[in-house]
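Please open the model in your viewer and keep the selection panel at hand. The stops below go from the whole assembly to single side chains and back.

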2 protein chains.
Amino acid sequence: MSHPLDLDTLPPMANAIRALSMDAVQRANSGHPGMPMGMADAATVLWARHLKFDPADVTWPDRDRFVLSAGHGSMLIYSLLHLVGVEAVTLEELKNFRQLGSKTAGHPEYGHCPGVETTTGPLGQGISTAVGMALAERLLNARFGDDLVDHRTWVIASDGDLQEGISHEAISLAGHLKLSKLIVLWDDNEISIDGDTNLSDSVDHRARFEAAGWKVLDCDGHDMKAIDKALDAAKTSDRPVMIDVRTVIGYGAPNKQGTAATHGAPLGADEIAAAREALGWEHGPFEIPDDILARWRSVGDLSAQERKRWQDRLEACGSKGAFEAQLSLTPPPAALDALRAYTARIAAEKPALASRAASGNTLNAIAEAFPGLVGGSADLTGSNLTKAKSQGVVTADDFSGSYIHYGIREHAMAAAMNGMSLHGGIRPYGGTFLIFSDYCRPAVRLSALMNQPVIYVFTHDSIGLGEDGPTHQPVEHLSALRAMPNVQTFRPCDALETAEAWACALERTDGPTTLALSRQKLPHLREDDGSANLSARGAYVLREAEGGKPQIVLIATGSEVELAVKAQEMLAEKGVRARVVSAPCLERFLAEDRDYRESVVPAGLPKVAVEAAARWGWDGLIGIEGGFVGMDGFGASAPAEELYAHFAITAERVAEEALKRV
Amino acid sequence: MSHPLDLDTLPPMANAIRALSMDAVQRANSGHPGMPMGMADAATVLWARHLKFDPADVTWPDRDRFVLSAGHGSMLIYSLLHLVGVEAVTLEELKNFRQLGSKTAGHPEYGHCPGVETTTGPLGQGISTAVGMALAERLLNARFGDDLVDHRTWVIASDGDLQEGISHEAISLAGHLKLSKLIVLWDDNEISIDGDTNLSDSVDHRARFEAAGWKVLDCDGHDMKAIDKALDAAKTSDRPVMIDVRTVIGYGAPNKQGTAATHGAPLGADEIAAAREALGWEHGPFEIPDDILARWRSVGDLSAQERKRWQDRLEACGSKGAFEAQLSLTPPPAALDALRAYTARIAAEKPALASRAASGNTLNAIAEAFPGLVGGSADLTGSNLTKAKSQGVVTADDFSGSYIHYGIREHAMAAAMNGMSLHGGIRPYGGTFLIFSDYCRPAVRLSALMNQPVIYVFTHDSIGLGEDGPTHQPVEHLSALRAMPNVQTFRPCDALETAEAWACALERTDGPTTLALSRQKLPHLREDDGSANLSARGAYVLREAEGGKPQIVLIATGSEVELAVKAQEMLAEKGVRARVVSAPCLERFLAEDRDYRESVVPAGLPKVAVEAAARWGWDGLIGIEGGFVGMDGFGASAPAEELYAHFAITAERVAEEALKRV
């Protein structure tokens, strides 16, 4: 077939979603039937008549992105993927909904279930991640034109998504950048977990989206024609679009629909039977009649043809190589060459720089040769030093740049970076102060869970930021980031380690990297030529003890490595042989093999660590009896040098703690 | 004097703020002059003619609250506090702006500088905390009437405050509850750190506040009469009010005003001289002429009279005792009695309950006897089990209840709880899933930094929540909370420990407590009568080894204590004597004296810990060579029992790790 399905053929197709959803939740005895049943009609119209999506190639670069921000309604997307014929999503998988090892996890998980574009469930994340996808589309469109990049990002969002604060940041950013190919279907069912949304919410969400620069439409979510008309209208907007889709949660379950009872629990056998009756659905559990399945299986046909035409255009255009290189996760060889050349140069020049400044220099060295690298900051560009000179600023009128003023929106920045990374073709990094890693932590966690190589540039990484005081001085943040699975946190000690940290971050393809960088100037400590990336294994011997085997190991990170080096000298004067270990990335070092770890930090030697942060987590390296020079509580407001003295984070103290232990 | 100052006497008073602000920032060579200079006029009108505030008694319960949400402009509030005559804020303190030990820290800090109502600086927190203050006012007003409780909460907020996601949550909540005594002055200066706000923001903030149910006014921020009129109008609203105060950042600095250059750096000697000239301010640095100072010192007079009349009403009314009891941080004796009686009962009954259910039962036991206890949940009431049967729901029409449906707004909930706690008279607790502690982490940190005894009820505390999968299963969150200074995290193992954790949380007055509670049912493990709170010291011997001295210590928390107990039995069968330590609060235990710690977890014995979470931080107790049975990475979606088996968090594994070490 070569035209979309007629609207009047869609209702039974929507009922197939309803049936699969209530049956799967019932079988799992766990899950959320209300949302898929409520949005089945809208989703059917969207998928059958609007979404550009080829079930045979779920990673086709120019496909539309579909984001189920209301991730608890996961049976909606699993039903859709199965019905349209994504091979991996078998009926068996639906039957194994929420079971160990199935692709049909409780919430849709990227990388786990083919066709799921992003992991959702934590509310507000999907819609915000989608902003990044829509932004990536515009960025790549500006580089490669409509022939290669021209697709939409569709979102189904719940009341919960819209109540979360991150949604404000995300829709403001999308409105500001006029991301007109972003279309959000708000499942306006007036129900949240606690009951009617009016228990807690009186916001006029339509007015609110308009205030953020969006076009707002509405439709009855159970009127196929009205839905179709709204989707058509949305596609012609010059701004992002929010469609207020008025639905009845659990639509079809006669005794429970429209109530919170359908939200998060199985309907029960009786109500399911009643729903079958009410919907006129005469088929058994997990049974989809052939004609309805055939209709569903046909909906990808048009897109498949489009994909073939796209493939032809790709082959024919002159930029296939550049396009594919941009989509690659690996940085361009020219950028890596530039990074190596820069690294060699600073190894020779030994500049004394704040590591945030060293990071800025690193970016200046590589940005021009790395078209996929897209930077930004949450309104701290001049402090984070995240903007390379060659980077143009992205605006609503011009997406050819590669630097984004995210505004004071740390959380949406992080989520948008996830979206850009998931979209492909963009390697995003973004800056804020380390203290504000807390503001974006839920999105950092999703970077980690989804294995996305997003780079977080967290400057002002300790009391070393000085006068701004305890509200701005991270103490526990390094520990809290290190605690998070699949995050690698680098805290480089000088310009060379900063370049190495960037190399590690850029070469990493399976998870996020955070860079903790100093506001204050740091001396250059490395004496080698920088040809081997010593930071890559997480820790290494920076200064070996002189005059014999070491008696103690001093371990430090970032701005405190300088203190360890000074303490080594003080100890040497007292005849004590100390080894100085720089540990820019504890996660990497602790994941190294025992031999390497032992060669750097021998179990048999006493240890003192110094880091202007909480001890929490350090005992794994230094042991309970190890010395720790750091922070016991919150910081204070004063010039940085005075704070270091006040909190006794000094070379003298490191030496003292060492002397106690030899 | 007995009437407010005339408007035409105010301009030089405002210039005094400008002069002090630019001089103090210059002297500190650090700080933010632009905001105080821009908002000096509005702040002067507010303080001189509207704010109810007695400099002689900055903690008078019925004072208006003033929140400088734009905390970076701290010299504004320090100038005001000094000028109106708050004794502690001397001229010397202003000269020591941002210096070690001064009251005038870089950002205003509660408990550090008298008259500062809440710590601000992390953007969005002030305005959201203020929502809690305004809510507390209504709650207490409903209990004690206008005679004792009738005051406003005034906020100065910046563009940054309004861009942050938390602001959406907070203004939605305030609009929903029609907190009409909350008045926000938006410093609409069109400048953020990166430059013009139009670099990143196109939101119509006025429309947005209207969409959230606010009344919106506007005025020229440099026209005293217009400001005064707006403030007057704001005071008669039946909804919260946002005043769009259009200002010029750095107003008065002729060459830099209106630009980001005035935002976060000293103006420099030349520009300060030029500003003195432009403002007609002929006085030296930190010099306030007597007549202007006298005018400022008079502004508290009216309020002081009001305070005296309030004091008379308090003495005269019949509810003085109840009012003062409600303001006390200590729980009412009747509530503590009820808690003790409940504790004794469950010690005898030994119910097998999910700890979230045990928490709900505890609340049911005490809520009625504790009028200041105000609960709520971020739309997870039925899951968090945070609502006691006796608690009425707070609505815009009726503030006599004590349970708040916060909506899907974890971050604003936490900030509002800070505000209620700071306001006084309310002991707030609020619930969400432990995973979403990340969503409210910046506000949790402020609870800790401000020493506020806010109680966080975090349920669904591990993979034990089952099918919802890794997006909902906390792994690193316990560690991340424990890493935060001044937070105490309890993870009770049964109903008795849950009651004890609540007792600890309620008795704590100097910081927040988080309760990590299970979704799944837990056996009752305690065999004592509950008369001594064994959880209070953080860890204790739950089951001593039988038949001789222990050979190994098994340490566990929460739902995994059961596994340690079973492992002890398995080990006993093999002739190995293991001690089981329950460690509901690691922070408390690690802060105990060495003798106690040694008596529970002897240094000389091998250790195995079990917690269905990340190891990060545990080494401080069990050592590097200790065994740890927990999570190495993210969770998965499946029934809970299967997940425990899948991740090998089992009694068998605990026994195995123990056997390796004896």
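How many salt bridges does a search of the whole structure find over all chains? The search gives 80. Keep in mind throughout that this is a predicted model.

**Stop 1: a pair within chain A.** Select A:R206 and A:D218 and show their side chains. The two form a salt bridge, with 3.5 Å between the closest N and O atoms. Now colour by secondary structure: A:R206 belongs to helix 8 (residues 205–211) of chain A and A:D218 to strand 6 (residues 215–220) of chain A, so the salt bridge ties together parts 12 residues apart in sequence.

**Stop 2: an annotated span.** Select residues 353–524 of chain A. In UniProt, an unreviewed entry places the feature "domain: Transketolase-like pyrimidine-binding" on these residues. Pick the C-alpha atoms at the two ends of residues 353–524 of chain A: they lie 8 Å apart. Helix makes up 34% of the span and strand 19%.

**Stop 3: the interface.** Show chain A and chain B together, and select the residues of each that touch the other chain. The selection holds 100 residues of chain B in contact with 100 residues of chain A. The size of an interface is often given as the accessible area lost when the parts come together. Here chain B and chain A bury about 8,000 Å² between them, and 59% of that area is on carbon and sulfur atoms.

**Stop 4: pairs across the interface.** Which side chain of chain B meets A:E476 in a salt bridge? Select B:R445: its side chain and that of A:E476 come to 2.7 Å, N to O. Eight salt bridges are found across the interface of chain B and chain A. Polar contacts across this interface join 50 residue pairs, with both residues at pLDDT 80 or more.

Next, select helix 7 (residues 165–176) of chain B. With seven residues, this helix supplies the largest share of the side of chain B that touches chain A. By residue type, that side of chain B divides into 41 nonpolar, 37 polar and 22 charged residues.

**Stop 5: the two copies.** Superpose chain B on chain A. A turn of 180 degrees with a shift of 0.0 Å along the axis lays chain B on chain A at an RMSD of 0.0 Å. That is the relation of a two-fold axis. The same surface serves both copies, as 100% of the contact residues of chain B recur in chain A.

Technical notes: Residues are numbered from 1 along each chain as its sequence is written. Chains are lettered from A and ligands numbered from 1 in the order in which they are written. This is a predicted model: local features need pLDDT of at least 70, side-chain atom pairs count only at pLDDT 80 or more; totals for chains, interfaces and linings use all residues. Side-chain values use heavy atoms; hydrogens and water are left out. UniProt positions are given in the numbering used here, feature names are shortened, and annotations may be inferred rather than shown by experiment. Helices (H or I, at least four residues) and strands (E, at least two) are DSSP runs, numbered from the N terminus. Contact means heavy atoms within 4.5 Å. Buried area is the accessible area (1.4 Å probe) that two parts lose on being put together, summed over both. A salt bridge is a side-chain nitrogen of Lys or Arg within 4 Å of a carboxyl oxygen of Asp or Glu. A polar contact is a pair of N or O atoms within 3.5 Å; within protein, one must be able to donate a hydrogen and the other to accept it, and residues adjacent in sequence count only if both atoms are side-chain atoms. Ala, Val, Leu, Ile, Met, Phe, Trp, Tyr, Cys and Pro count as nonpolar, Asp, Glu, Lys and Arg as charged, and the others, Gly among them, as polar. Copies are superposed by least squares on the C-alpha atoms of residues with pLDDT of at least 70 in both.
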